[in-house]
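Work through the exercises below with the sequence and model open. Try each task before reading its solution.

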Amino acid sequence: LRFVVGWREPMDLAFSLWSFLASIGQEGRTVEQRLGRSLQTLMSCNTSLGEHPRQLLSLGAPSLDAYRLCLDDRRVARHHFYVYGGLYALHLLTWLRLGFRGEQ
């Protein structure tokens, strides 16, 4: 079993989602407003990660779980979904914790 990861620049991904939703009338805010709110929401779940995102790689399991739980809370998720897909390290760390081995 192989696990293939496709990468896209995270802000390009977020802009593309915003642009699509705006084009079909589902988004009434400017991209600056929406992405600014998304980034604020990420920082509200862990301020130090917002300032130093590489720290995510050294978080212990309890801190990583707490960050993920905060992000997955429906009241929070509706504000950050534009940038959530681009949090590649968070998603890959979750797969590794679930038992996937990088050499597979």
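The exercises go from the overall fold to helix packing and then to the core.

This is a predicted model, in which local features need pLDDT of at least 70, side-chain atom pairs count only at pLDDT 80 or more, and totals for chains, interfaces and linings use all residues. Residues are numbered from 1 along each chain as its sequence is written, and side-chain values use heavy atoms, with hydrogens and water left out.

**Exercise 1. Describe the protein's elements, box and burial.**

Step 1. Count the elements: the protein has 6 helices and 0 strands. Helices (H or I, at least four residues) and strands (E, at least two) are DSSP runs, numbered from the N terminus.

Step 2. Box the C-alpha atoms along the principal axes: roughly 40 × 30 × 25 Å.

Step 3. Check burial (under 20% relative accessible area, 1.4 Å probe, protein chains only). Of 104 residues, 29% count as buried.

**Exercise 2. Classify the packing of α4 against α5, and of α1 against α5.**

Step 1. Fit the axes, which are lines through C-alpha atoms over the stretch in contact, with angles from 0 to 180 degrees between N-to-C directions.

Step 2. Take α4 and α5: their axes come within 6 Å and cross at roughly 95°. That makes α4 roughly perpendicular to α5 (65 to 115 degrees).

Step 3. List the contact (heavy atoms within 4.5 Å). From α4 come R68, C70, L71 and D72; from α5 come R74, V76, A77, H80 and Y84.

Step 4. Sort this α4–α5 contact by class: 5 nonpolar, 1 polar and 3 charged residues. Here Ala, Val, Leu, Ile, Met, Phe, Trp, Tyr, Cys and Pro count as nonpolar, Asp, Glu, Lys and Arg as charged, and the others, Gly among them, as polar.

Step 5. Repeat for α1 and α5: the angle is about 120°, and the axes are 8 Å apart. That makes α1 oblique to α5, the term for angles outside the perpendicular range that are neither under 35 (roughly parallel) nor over 145 (roughly antiparallel).

Step 6. M11, A14, L17, W18 and L21 in α1 meet F81, Y82 and V83 in α5. By class, this α1–α5 contact has 8 nonpolar, no polar and no charged residues.

**Exercise 3. Which residues touch the most other members of the largest nonpolar core?**

Step 1. Build the core: buried Ala, Val, Leu, Ile, Met, Phe, Trp, Tyr and Cys residues joined through side-chain atoms within 4.5 Å.

Step 2. Rank its 18 residues: L35, L56, Y67, L71, Y82 and L90 touch the most other members.

Step 3. Map the core to helices: α1 (10–23), α2 (31–45), α4 (61–72), α5 (74–84) and α6 (88–97) each supply at least two residues.

Step 4. Inspect L35: beyond neighbours within four places in sequence, L35 contacts M11, A14, Y82 and V83.

How values were computed
Buried < 20%, exposed > 50% of the residue type's maximum accessible area, 1.4 Å probe, protein only.
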